[in-house]
Amino acid sequence: MPYILEKVQLDPLAPGAFYKGELLYHITLIDKTFWSSHMELFACFKTIIDNALDIIKMELDNSEISVEYIEAYKGFGKHKK
């Protein structure tokens with residue numbers, strides 16, 4: 001987790017093994033029970049994901065970023081309400 005946090009702090013849309021934004025996408029797949037017991041880490045990633053969404057909105061060509069990834073970013077934290 002520290003490695004991924006460091007990478008996405010530098011570039012929220014850093015690629016994983018294959019695609020732009022992949023590292024952050026995998027963060028969105030982590031079970032909500034983990035986040036419930038790691039609220040500080042959750043807050044860090046929520047901020048990074050919000051920044052990634054802002055970057056995506058400002059970019060003219062988002063064809064490199066999967067629609068599935070964008071939807072996962074938008075849904076991150078919804079279970080916290």
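The following exercises treat the fold and the aromatic pairs of a predicted model. Local features require pLDDT of at least 70 and side-chain atom pairs pLDDT 80 or more, while totals for chains, interfaces and linings use all residues. Residues are numbered from 1 along each chain as its sequence is written, and side-chain values use heavy atoms, with hydrogens and water left out.

**Exercise 1.** Determine the secondary-structure pattern and assess the radius of gyration of the protein.

*Solution.* Helices (H or I, at least four residues) and strands (E, at least two) are taken as DSSP runs, numbered from the N terminus. The protein has five helices and zero strands, in the order α-α-α-α-α. Next, the globule rule is 2.2 Å times the number of residues to the power 0.38, and the radius is taken over C-alpha atoms. For 81 residues a compact globule would have a radius near 12 Å; the protein has 12 Å, so the two agree.

**Exercise 2.** Classify the ring pairs of Trp-35 and state the burial of the residues involved.

*Solution.* Rings of Phe, Tyr and Trp (its six-membered ring) pair if their centres lie within 6.5 Å; planes under 30 degrees apart are stacked, over 60 edge-to-face, and the rest tilted. This rule yields seven aromatic pairs. The Phe-34 and Trp-35 rings have centres 5.1 Å apart and planes at 75 degrees, so this pair is edge-to-face. Trp-35 and Phe-42 are also edge-to-face, at 5.9 Å centre to centre and 65 degrees between the planes.

For burial, buried means under 20% relative accessible area, exposed over 50%, and partly exposed in between (1.4 Å probe, protein chains only). Phe-34, at 27%, is therefore partly exposed. Trp-35, at 0%, is buried, and Phe-42 is buried as well. Finally, ring pairs link Phe-34, Trp-35, Phe-42, Phe-45 and Phe-76 into a cluster.
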